[in-house]
Amino acid sequence: MTSHSTLFIISLFCLVTLPACSIVKRQYGYVEPVASFTPTNSHDVLQKMGAPDSIAVLNDAFIFAYHSISIDEPQLGLAIPSFDFFKFTLGSATASHNYHFFAFTLEGKVINLQDNRWQNALGDSSAIGLIFVVEETVDLASFEVPRATNLWGQSLLLDKSLLEISFEDIILAKRLDLIGQDY
Amino acid sequence: MNNKRLCIPLILVTSLLSACVNYSRDSGVENLWRQPQAFNNGTTTSQQVLTALGPPSQVLAVGKQTVYYYLKEQVQRQGLILLVYNETTEVSAFDRAIFFFNEQGILEDFSYSKMADTPE
């Protein structure tokens, strides 16, 4: 077999059996890498970490959270016989988290702090689509919700009698979830 | 043999037919804090911050302090589409500013989010 024939067969194989293998990457938020430090108050944290992603206010404390997520979704595309412009895609996604947590007294003194990095699998799935379109095989809709902070002003316009959360709770952020970014 | 010689470049060209995709969208307030501002702890008032940056995305009460929180979300997606390989990257950046005021409306502390030059 000549080298031309070999190249011909390899090229044909790639074109016919592996159309549109894909890498889908997503990045939500950013936490600047910082050397380990021991803050004494909220000012130290703001200077080192910048404005927090999320804030929660409790009765006698408040919390800063910094969180970034990187999602990698490699996909394998396979040709569908007799359907030239369609492919069958297999994919799986993994999320890598970087999280920093700081709790302060209402006067701003540090109560406790913790940071952590971890990964979690978002699942394996498949899709059928056009060969020139990158289909997402894993449902990432939970990462695409509007930020609660951007809906805060709108929530103040709601009828008080229809509100599930009282105005005091909205203003003081006395809710179980963090305000700011939702993850 | 001649047919094969024609087929090989044809297949390679077809395989490498490419396209680029790019889109972006913004939501939230305008990030005016990235422009030169003269905010100083102990002297700047909440009114001066409001005048410079406009209404905050959210207002919070933390003990006796009032917090103004500004948030702008910027989403940018870039992609390279080939017939045998595709790659897309979507980056959601959250540009933030936070201001703490005392009971008299004087700025006690403030900070802006750190921004990435490149995705992590």
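**Exercise 1. The hairpin of β4(B) and β5(B)**

Describe how β4(B) and β5(B) are connected in this predicted model, and find the residue in the turn that has a positive phi.

*Solution.* Begin with the connection: β4(B) and β5(B) form a hairpin, and five residues lie between the two strands. Within that turn, G105(B) is the residue with a positive phi, of about 80°. Next, look at the pairing itself, where β4(B) and β5(B), the latter spanning residues 107–112, run antiparallel and are joined by five bridges. To locate one of these bridges in the structure, start from I98(B), whose partner in β5(B) is S111(B).

**Exercise 2. The other neighbours of β4(B)**

Which strands pair with β4(B) in the parallel sense and in the antiparallel sense, and is β4(B) mostly covered or mostly open?

*Solution.* Step one concerns chain B, in which β3(B), residues 65–82, pairs with β4(B) in the antiparallel sense over 16 bridges. Q74(B) stands opposite A93(B) in this pairing, and the two strands are joined by a hairpin that passes through two residues.

Step two crosses to the other chain, where β1 of chain A, residues 21–28, pairs with β4(B) in the parallel sense over eight bridges. In β4(B), the residue opposite Q27(A) is V91(B).

Step three turns to burial: β4(B) covers residues 85–101, and twelve of its 17 residues are buried, so that the strand counts as mostly covered by the cut-off of 20 or more other C-beta atoms within 10 Å.

**Exercise 3. The nonpolar core**

Name the residues that touch the most other members of the largest nonpolar core, and say which element gives the largest share of this core.

*Solution.* The core holds 33 residues, and those touching the most other members are I55(A), V67(B), Y69(B), Y70(B), I98(B) and F99(B). The largest share of this core is the six residues that come from β4(B). One of the listed residues can be followed further: leaving aside residues up to four places away in sequence, Y70(B) touches V29(B), W33(B), L53(B), P56(B), S57(B), R96(B) and A97(B).

**Exercise 4. A helix and a strand in chain A**

Where do the buried residues of α2(A) lie around the helix, and which residues of β2(A) are buried on each side?

*Solution.* First, list the buried residues of α2(A), a helix of residues 42–49: they are S42(A), V45(A), L46(A) and M49(A). Seen down the helix axis, these residues fall within an arc of 100°, and therefore they line one face of α2(A). Their cover includes β3 and β4 of chain A, together with β5 of chain B. Just after the helix, G50(A) takes a positive phi of about 85°.

Now turn to β2(A), residues 54–57, where both faces are covered: S54(A) and A56(A) are buried on one side, while I55(A) and V57(A) are buried on the other. This strand runs antiparallel to β3(A), with four bridges joining the two, and S54(A) has A65(A) as its bridge partner. The two strands form a hairpin with three residues between them.

**Exercise 5. A loop residue of chain B**

Decide whether N40(B) is buried or exposed, and state how far it lies from S92(B).

*Solution.* Locate N40(B) first, in the loop between β1 and α2 of chain B. Then count its neighbours: there are 10 other C-beta atoms within 10 Å, and because a residue with 12 or fewer is exposed, N40(B) is exposed. Finally, N40(B) and S92(B) are 52 residues apart in sequence, and in space their C-alpha atoms are 30 Å apart.

**Exercise 6. Both chains, and the confidence**

How many helices and strands does chain A have, how many does chain B have, and where in chain B is confidence lowest?

*Solution.* Chain A has four helices and six strands, and chain B has two helices and five strands, in the order α-β-α-β-β-β-β. Buried residues make up 28% of the 183 residues in chain A and 28% of the 120 residues in chain B.

For confidence, the mean pLDDT of chain B is 85, and 83% of its residues reach 70 or more. Confidence in this chain is lowest in α1(B), residues 2–15, at a mean of 65, and highest in β5(B), at 95. Where pLDDT is low, the predicted coordinates should not be read in detail. For the complex, the predictor gives an ipTM of 0.81 and a pTM of 0.76.

Conventions. Residues are numbered from 1 along each chain as its sequence is written. Chains are lettered from A and ligands numbered from 1 in the order in which they are written. This is a predicted model: local features need pLDDT of at least 70, side-chain atom pairs count only at pLDDT 80 or more; totals for chains, interfaces and linings use all residues. Two strands pair if DSSP finds at least two bridges between them. pLDDT is the predictor's confidence in each residue, from 0 to 100. A nonpolar core is a set of buried Ala, Val, Leu, Ile, Met, Phe, Trp, Tyr and Cys residues joined through C-beta atoms within 7 Å. Two residues are in contact if their C-beta atoms, placed from the backbone, lie within 7 Å. The arc is that of the directions from the helix axis to the C-beta atoms.
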